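Here is a friendly tour of a single protein chain. Have a look at the model first, then read on for some spots to find in it.

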Amino acid sequence: MKSPDLPRKEMLPQARKSRSVSGMGLNIVSSDNFSEWATGFAPRSEDLRLPPSFGPFHSDLYPAAVGRNATLKPKENIGSKKEEIFAFNTSLANALGVQNTRICEYTTKKPVPRTYAGAECNENIDYKKEQQNIFNKKKKKVVTHIPYRILDAPGLRNDFYANLVSWSSKSGHIAVGLLDEVFLWTEKNGAVQVPISTTHNEVLCLSFNAFDVLAIAFRDSTILFFDAAKNRILATYVHITGPVCFLSWFPEDPSQILVGDEAGNVLHLRISWAGQPSLVEINKNAVIKGHTQQICAIAFSPSGNQIAVGSNDNLVTVWDVSNWEEPKLKYKMPHRAAVKALAFCPWCPTLLVTGAGSQDRMIRFWHTRSGTLIRSFNVKGQVTSLVWSRHYRQLAATFGFADTENPLLLSVYSFPQLEPLIQVPTLCSLRVLSAVLSPNMGSICVATNDETVRFYELWSVTDQVMPVTEGGCKVFGSDIIEMVEGIDKPGEVIR
């Protein structure tokens, strides 16, 4: 019998431990143990035993309930019991002024119209049809997804603040940081180790740009720039003020990058390229100081005139960077925990979504032109990443420490209704550390604390990408904000 198509689980090479190189290899999950990898736990044979329903009593399934010397309770006198029930029913019927028959019974007869305190029942209504219509109204079904591929990543650090996965938009390489090493994975070539000649401390974060250049930050404050196409290190930059926690390339300019460190600073580095490219110089252009603790996330607005910075000091700051020589702080947005998840809406430039840690467990929507909190949404879980769909008005959220009653690894919500469309249930012990969007903008890749990298297909890429709507994004729910956005609404002019 042909086995069903199941997501594959492959293995990234084993990272170095205690400076010793172990064997490298790739493994695919078999159908025997896929349930354990896809959902986080494997069913046991005793878990599949179901108690009998409305059948004979099985003492072998309930040894504690019926012992070896246990006896069942003798039956009571059924005849006397029936007489007592009949006498009670008779007295109750006499008190209510009805015949001694069943007060409630199943019937297909049309109910008799009656009048109660001036409210008359409409005899023209087909009550049976109305009742059937109520049952036919079904709620929208929430789709449950399983990963279509799983990579085993031994040495993937279980760290909420780390960003150890990046997906190249040019070559499709998946970069994964394992301890102090980095591996590039493709479906065609498998896993290849990045040739790092010198020894560094553990990897903290990494990020690809549009030139297929990978920036790798280590705990010893070193940043390496690696050309994935030529398989060589282009340059090394040493950050003086401390370890780097977050890297974010400019979307429209691969020669510029933002570097967030543990001191709460954001550095703007400009890289000079020559040739195809060949890195020749790195210049520090500006320093943004708006936080007191480590930087957890940086996001660019679609227009490129604003950036949002999330930090461990429970704040999100929004900056006007239309002039990078003089970046201006516009707004501070408070939260109740560290903010690692934030993203500008790709089709609404002034809409920002943020998600914070386990002491907050909220998703918030902000208008970045006025700094107004538009809406907040309790997701009952630690939010580790937020990804907007480019094709639909939908938002994907991944969770760390999740709700104990209904633990979720991933959820996709409609916007602005915020109704769950896709959910990935899991055990409370399994959590997502970070997530990145695929080059075709239809799938996401997540790093989890069980040392695996999982791939989920969330959106169809056959539809057109939603265009950026300058001043036409009618999702704010405020007349004042929509007036600021230049949205015209029908009606009288307020003077």
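Let's start at the surface, where Phe88, Leu92 and Leu96 form a nonpolar patch with about 300 Å² of accessible area together. A patch here gathers residues with over 30% relative accessible area and no salt bridge, joining like charges within 9 Å and nonpolar side chains (Val, Leu, Ile, Met, Phe, Trp, Tyr) within 5 Å. A salt bridge, in turn, is a side-chain nitrogen of Lys or Arg within 4 Å of a carboxyl oxygen of Asp or Glu. Areas come from the Shrake-Rupley method with a 1.4 Å probe, and for residues only the protein chains shown count as cover.

A word on what you're looking at: this is a predicted model, where local features need pLDDT of at least 70 and side-chain atom pairs count only at pLDDT 80 or more, while totals for chains, interfaces and linings use all residues. Residues are numbered from 1 along each chain as its sequence is written, and side-chain values use heavy atoms, with hydrogens and water left out.

Overall, the chain has 4 helices and 32 strands. These are DSSP runs numbered from the N terminus (helices are H or I, at least four residues; strands are E, at least two). Buried residues make up 45% of the 495 residues, buried being under 20% relative accessible area, exposed over 50%, and partly exposed in between (1.4 Å probe, protein chains only). The chain exposes about 27600 Å², and carbon and sulfur atoms supply 52% of that.

Is Ser311 buried or exposed? Ser311 is buried, while Phe88 from the patch is exposed. Here are the two together:

| Residue | Place | Relative accessible area |
|---|---|---|
| Phe88 | helix α2 (residues 78–96) | 53% |
| Ser311 | strand β19 (residues 306–311) | 0% |

Not counting residues up to four places away in sequence, Ser311 touches His291, Gln293, Gln294, Ile295, Cys296, Ala338 and Val339. A contact means heavy atoms within 4.5 Å.

Now for a sheet: 4 strands form an open one in the order β10-β11-β12-β13, with antiparallel pairing. β10 (203–208) and β13 (232–238) stand at the edges with a single partner strand each, so one side of each has no neighbour in the sheet. Strands count as paired if DSSP finds at least two bridges between them; β10 and β11 (residues 213–218) pair over 5 bridges. Among the residues involved, Val203 has Phe218 in β11 as its bridge partner.

Last stop: Lys380 lies in the loop between β25 (372–378) and β26 (383–388). Leaving aside neighbours within four places in sequence, Lys380 is in contact with Arg361, Ala402 and Asp403.
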